[in-house]
Amino acid sequence: MFHKYKNVSVIPLLFLFIILFIQPFSVDATDQKSTIPPPQVVGKEVDEGATGKGGNGNDEIPGEWYVGATPPNLNEDAPVLLFVPGLNNTAQVWWKNNDMYETAYEAGYQTAFIQLYDAGGASADMWDNGRLLAEKTQEISTYFAGQDIAIVAYSKGGVDTQTALTYYGGSDVVTDVITLSSPHHGSQLADLAYSYWAGWLAELLGMRGEGTYVMETGYMEHFRSMIDEHPNAHANDYFTFGGVDWGPLFSATWFGGVYLSSYGENDGVVTAASSKLPRGHEVAIDEWNHVSIRTGIMFSEIEQIVTEQSLNKATNDSYVHSTKTMANITEINQAVIGGPLHQNDTNEVLIAVEDQVERVTLNLITADEMSEIRFIDPKGKTIVPEIETVTEENPFFPRAYQLSITLEKPTAGQWRLNIETVQENAYLLVTEYEVEREGALLKEKAVQGEKLLTTKQLNSQLEALSNQVQEHTLAATYYVQESGKPENTKVYNVKGSADLSQQLQFDEANKVYTITVDVKGKTKAGFPFQRTVIDSVYVK
């Protein structure tokens with residue numbers, strides 16, 4: 001599971017931590033002053049048709065679009081490159097701390113950039129962003145006197161783009177669409193953001209925006225069922241890129257990579273499998289993370305696609321220079337818990353570590369800074385790590401603070417995490433276990449993937465390995481929650497059996513439901529363990 005960092009030397013029982021959240025490191029040299037004129041606002045008319053919800057801290061104007069400086073070596077035969085940002089991003093993501101604009105300029109390309117609704121402070125779904133993008137693409141085409149436009153879309157911007165061209169027009173002025181790690185099938189990090197345990201954190205951060213809601217894997221299964229057979233869905237050629245790198249050790253993309261590793265190879269935010277578009281051209285799955293894949297290192301790939309020669313290669317399926325596939329999801333080695341943190345109080349969180357755990361990584365996400373953290377091992381030894389929390393942009397947890405901690409060969413038993421904060425706060429703790437035993441303690445009987453339901457019920461099949469656990473100690477709690485509405489939650493309990501399956505019922509159609517399952521028990525050796533399964537489904 002920690003395949004990229006197996007050879008990293010970690011001092012036993014010392015905590016290694018780095019705290020960052022999505023742009024966790026400098027990705028290029030553009031922090032130095034550039035002599036290239038920055039893009040200038042041209043389109044100022046704003047579509048007020050959507051405001052979204054879930055604050056992300058942005059204060060730009062939706063609907064504005066920018067034109068990059070005309071390069072002296074302009075390639076007049078090349079299309080205009082229109083860059084589309086991702087979830088909770090602004091247009092500036094392409095030129096601030098990013099050399100993509102500079103690289104395109106130096107290569108002789110005319111560029112344009114768009115502010116979608118996310119730029120105004122609240123994330124939007126693909127329907128609102130798609131309508132706005134289609135309208136502005138037509139404006140940009142007119143500005144450039146009908147010159148061809150090739151769209152380069154980052155992350156959720158790829159989903160917004162396909163929606164725009166399929167449902168709202170604009171496909172006639174766009175030649176090709178290039179998507180950089182776009183979650184065409186959603187992201188399990190969106191499922192995590194809407195899980196039962198993330199409720200307290202979501203309330204303080206206001207993070208459950210409409211854009212996050214539609215990125216849940218259940219909703220995206222519904223979306224794909226609608227768009228893939230639409231006659232306009234592939235009026236343009238789509239070329240996709242995905243990544244399998246997690247970024248620096250203990251950075252935010254590393255946290256996402258650890259969490260998503262159960263679902264297959266990924267770039268810290270999106271799995272490689274999700275970056276593939278049905279009937280699109282998969283160009284490459286390579287060693288990029290979710291930050292680096294939007295930078296100038298990708299420009300040579302983009303330039304090859306917008307030239308006629310490489311288009312012919314892609315059409316002949318010979319252009320795909322690497323592919324990786326997603327493994328079946330069968331083993332669960334994560335535990336998730338969250339809740340309020342009260343000011344001027346010692347907030348205690350229990351963490352079960354069973355025998356045979358080689359390494360445990362704890363990813364603590366909070367709404368505000370913490371004043372003190374203490375770890376108490378099962379033998380009563382207290383460890384007080386230094387806190388250096390920093391918050392940066394993150395698509396699914398905007399403005400959150402993160403602390404990543406790794407324990408090498410931790411003592412088995414019940415650990416206690418004591419957290420102190422100077423103000424009312426909230427946390428989400430994701431614990432990842434790496435074990436030496438063959439097989440996980442908990443498995444799904446069937447591969448995860450039944451996400452689009454035609455009835456209001458689902459048989460969730462979950463099983464503990466009877467040769468590894470004491471069956472009479474097992475208890476599973478299912479939380480079935482209408483996404484974004486914690487008041488609409490059903491709770492199911494299963495106890496005392498290795499078969500922890502449960503028939504789940506859903507109240508309404510045309511809704512996304514998040515399923516959070518907590519499993520607790522003891523191993524054969526008598527040590528406590530805990531695991532969590534998180535999924536989402538769409539009920540038609």
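**Exercise 1. The lining of the largest pocket**

Task: In this predicted model, find which helix gives the largest share of the lining of the largest pocket.

Solution.
Step 1. Start with the space itself: the largest pocket holds about 480 Å³.
Step 2. Look for its centre. The lining has 26 residues, and the closest to the centre are R208, S483, G484, K485 and P486.
Step 3. List the elements that give two or more residues to the lining: helix 5 (199-205), helix 6 (210-214) and strand 22 (475-482).
Step 4. Pick out the largest share. Helix 5 gives it, with 4 residues.
Step 5. Sort the lining by class. This gives 11 nonpolar, 7 polar and 8 charged residues.

**Exercise 2. A helix and its surroundings**

Task: Decide whether helix 8 (residues 252-260) is enclosed or open, and state why.

Solution.
Step 1. Set the background. The protein chain has 10 helices and 26 strands, and of its 540 residues, 60% count as buried.
Step 2. Apply the cut-off: a residue is buried when its relative accessible area is under 20%.
Step 3. Name the residues of helix 8 that pass: A252, T253, W254, F255, G256, G257, V258, Y259 and L260.
Step 4. Draw the conclusion. Helix 8 is largely enclosed by the rest of the structure, because 9 of its 9 residues are buried.
Step 5. Find the cover. It includes helix 4 (188-193) and several strands, among them strand 10 (334-341), strand 12 (357-366), strand 17 (425-435) and strand 26 (528-539).

**Exercise 3. Two helices that pack**

Task: Describe how helix 2 (residues 126-143) and helix 3 (residues 157-167) pack.

Solution.
Step 1. Take the geometry. The angle is about 65 degrees, and the axes lie 7 Å apart.
Step 2. Give the hand: the crossing is right-handed.
Step 3. List both sides of the contact. Helix 2 brings M126, W127, N129, G130, L133 and A134, while helix 3 brings V159, D160, T161, T163, A164 and Y167.
Step 4. Classify the residues of this contact: 7 are nonpolar, 4 polar and 1 charged.

**Exercise 4. A residue after helix 3**

Task: Place Y168 and find which residues it is in contact with, leaving aside its neighbours within four places in sequence.

Solution.
Step 1. Locate Y168 in the loop between helix 3 and strand 6 (174-180).
Step 2. Check its exposure. With a relative accessible area of 34%, Y168 is partly exposed.
Step 3. Compare sequence and space. Y168 and L133 are separated by 35 residues in sequence, but their C-alpha atoms are 8.8 Å apart.
Step 4. List the contacts of Y168: W127, G130, R131, A134 and T163.
Step 5. Set this beside the chain as a whole. Among contacts with a separation of 6 or more, 82% join residues 24 or more positions apart.

**Exercise 5. Positive phi outside glycine**

Task: Where are K409 and N510 found, and what is the phi of K409 and of N510?

Solution.
Step 1. Recall the background: most residues other than glycine have a negative phi.
Step 2. Read the angles. K409 has a positive phi of about 50 degrees, and N510 has a positive phi of about 60 degrees; K409 is not a glycine, nor is N510.
Step 3. Place K409 in the loop between strand 15 (401-408) and strand 16 (413-420).
Step 4. Place N510 in the loop between strand 24 (502-505) and strand 25 (511-522).
Step 5. Add the exposure of N510. Its relative accessible area is 52%, so N510 is exposed.

How values were computed: Residues numbered from 1 in each chain as written. Predicted model: local features only at pLDDT ≥ 70, side-chain atom pairs only at ≥ 80, totals over all residues. Heavy atoms only, no water. Axes fitted to C-alpha atoms, helices over the stretch in contact; angles between N-to-C directions. Left-handed = near helix turned anticlockwise from the far one by under 90°. Contact = heavy atoms within 4.5 Å. Nonpolar A, V, L, I, M, F, W, Y, C, P; charged D, E, K, R; others polar. 1 Å grid on protein atoms, 1.4 Å probe; cavity = no way out; pocket = protein on both sides within 12 Å on 5 of 7 lines; lining within 4 Å. Points joined across faces, edges and corners; volume = space filled by probe spheres on them. Buried < 20%, exposed > 50% of the residue type's maximum accessible area, 1.4 Å probe, protein only.
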